[in-house]
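Biologist: Hi! Could you walk me through this one? I'd like to start with a single residue and then zoom out.

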Amino acid sequence: MGGSMLKSAKRITDERARWLAVNVVPHEPALRSWLKRKASLRFDIDDVVQETYAILATKATVDTINDPKTYAFQVAYSVILQQLRHSRVVPITAVADIGTLETVMDEPSPEDTVLARFELEHVQRAIEALPRKTRAAFVMRRVEGLSQQEIARRMNLSEHTIQKHVARGIKLLLAQFGRDGSDGAAKSPADKKKTGLEERDHAQAKRKVH
Amino acid sequence: MITHRPSAKSIDEAAARWVARLDAGALTPAEDTELTAWLDSDTRCVGAMARAQAYFVSPRMELAMRILRRPPAPSVTQWGTLPRRAVLMGAAASVLGAAVLIRRPAPAAGRRYASEVGEVRRIPLPDGSKITLNTDSVLEVDYREDSRTIRLLKGEAYFEVAKNPDRPFVVEGPKAQARAVGTAYAVRLEDDKGGMRVQVTSGRVAVELPPQAPPATAWQALERLWTPSTGATNGTHVTANQEAEVRIGLNAAGVEEVQVSLRDVAPGALGRSLMWREGLLSFEGVTLAEAAAEFARYSVQKIVVKGAPAHERISGLFAATDPAGFARAIALGLRIKSKREGDVITLYK
């Protein structure tokens, strides 16, 4: 990612991306599992997570944040409240749950943390699950530090294809630690019956590459 | 009424593409403009982009890769695309097979199932297929060696069909039928004239004229002479996340005609409209009058909305058999009044 001069405030700098990677990404499974227990509030967990990242990414400075985990949970909480105010009718149970939300606000329960850890072996499994060629390109890029051009040359593939593999790798990892993940998997009740479309898409992606 | 808001999944996919693109080198001015427009379109895009970048540069990912690292030894010849093609061909063949094998059993009385008002009933079939019968509905199951025929006589049902190309699964309405090979779909009778709605959550369903329907036009009569089965030739194919509506209208000559219209439905919206399977009703920006009419299908208690509040749009998830709870929530949310007399709940300003 070359350094460029005039970037909009919405472009995320490499520095901020690394801060998020170190300080927020490891807590995302816990955040999702916490959000999942608030499912009666009828919000979309993926939307809340994306909005939370947006707020953290565009904040002028993150130097003042001492406890990124608690801070991320507070941001997610404010996003939910915003969404609830936005919808015209809130289901009755939601009214009671907003109270509960407040009391557990600062402290995700211990089981959130235990059940939804971003453990190294979990990350390893996710990487192992990548299609072979995608994983090879990803390792050359991230571990060996080769450029996409160089990877293309070594794998005897077009640069365009390598770019596609990188994109697919990111996409599958995002899904693994988000919607499709077993830990902290977050599905709103309305989505639950989508009859495995996502799984099929995942399988198709794999077939395409092998 | 259905808002075309991009799904979190599609946003994630776009974010992954952009991160990979940025990683490949500087953007062209056109791409730069495109990325800015995309980020401006929805704050969720900004969040998804930040998240994708963070995962891409995550030191823990890198560490995991280092540990896992094996000799990549990529040999180019191994990576063909043949298996995928073979799979696609296989799928096409099985669909064709189903169209040819379709047979017409003589009409016979099957086993009859009915649900009470407010009841959602699940009916397992011997082959593993499942029927979920919605409130106040009646259907007949005619289960045979070479066919599975369901006659929907009243109301609505959702079908999860075990795949078996040799035994077509057909849901017959009064004027049209919906035929599947292996899929999941809902059929709802909309009026007493034979109008119906077919919503497909996975697979493919053919909406077609039933075999015994009198030919509506001369052209169709001619076509029937040439094709032994009405299936496949003049049917409308409905695929996942689509909905077909069958209406009984009149053609230019004033003759009754079965009309089918097809439209795409956002996956979330389809899931919402099928929440009845769990005893819930989900509304997304519908008018209060429409919501009250929907509740009327599930309970002997009726909700009457008087005056302007009937046009208010509401969203939320409610227990299908609790119209009183719904009325309370609405009265609170819209700051209107509600009163109850016997089985009638009135909402008014």
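**Starting from one tyrosine**

Modeller: Happy to! Let's begin with Tyr185(B), which lies in strand β9 of chain B. Keep in mind that this is a predicted model.

Biologist: Okay, is Tyr185(B) buried or exposed?

Modeller: Tyr185(B) counts as buried, because 28 C-beta neighbours sit inside 10 Å and the cut-off for buried is 20 or more.

Biologist: Which residues is Tyr185(B) in contact with, if we leave aside its neighbours within four places in sequence?

Modeller: Phe159(B), Ala178(B), Ala180(B), Val198(B), Gln199(B), Val200(B), Thr201(B) and Val205(B). There is also Tyr158(B) to look at: 27 residues separate it from Tyr185(B) along the chain, yet their C-alpha atoms are 5.6 Å apart.

Biologist: Cool. Which strand does β9 of chain B pair with over 6 bridges?

Modeller: Strand β9, residues 184-189, pairs with strand β10, residues 196-202, and the pairing is antiparallel. If you want a spot to click on, Val187(B) stands opposite Val198(B) in β10(B). Val198(B) is also one of the contacts of Tyr185(B).

Biologist: And how many strands form the open sheet in chain B?

Modeller: There are 7, paired in the antiparallel sense and arranged in the order β2-β3-β6-β9-β10-β13-β14. The edges are β2 (121-124) and β14 (256-264), each of which pairs on one side only. From one strand to the next, the twist averages 15 degrees.

Biologist: Let's switch to chain A. How many helices and strands are there?

Modeller: Chain A has 11 helices and 0 strands, so its pattern along the sequence is just α repeated, α-α-α-α-α-α-α-α-α-α-α. It has 210 residues, and 40% of them count as buried. Looking at contacts with a separation of 6 or more, 72% come from residues 24 or more positions apart.

Biologist: Can you show me a pair of helices? What do people use to describe two packed helices?

Modeller: The angle between their axes and the distance between the axes. Take α8 (residues 132-142) and α10 (residues 159-176) of chain A: their axes come within 9 Å and cross at roughly 95 degrees. That is why α8(A) is described as roughly perpendicular to α10(A).

Biologist: Which residues make that contact?

Modeller: From α8(A), they are Lys133(A), Thr134(A), Ala137(A), Phe138(A) and Arg141(A). From α10(A), they are Ile162(A), His165(A), Val166(A), Arg168(A) and Gly169(A).

Biologist: How many of them are nonpolar, polar and charged?

Modeller: The contact of α8(A) with α10(A) has 4 nonpolar, 3 polar and 3 charged residues.

Methods:
Residues numbered from 1 in each chain as written. Chains lettered and ligands numbered in written order. Predicted model: local features only at pLDDT ≥ 70, side-chain atom pairs only at ≥ 80, totals over all residues. Helix = DSSP H or I, 4+ residues; strand = E, 2+ residues; numbered from the N terminus. Buried ≥ 20, exposed ≤ 12 C-beta atoms within 10 Å, placed from the backbone. Contact = placed C-beta atoms within 7 Å. Pairing = 2+ DSSP bridges. Axes fitted to C-alpha atoms, helices over the stretch in contact; angles between N-to-C directions. Parallel < 35°, antiparallel > 145°, perpendicular 65-115°, else oblique. Nonpolar A, V, L, I, M, F, W, Y, C, P; charged D, E, K, R; others polar.
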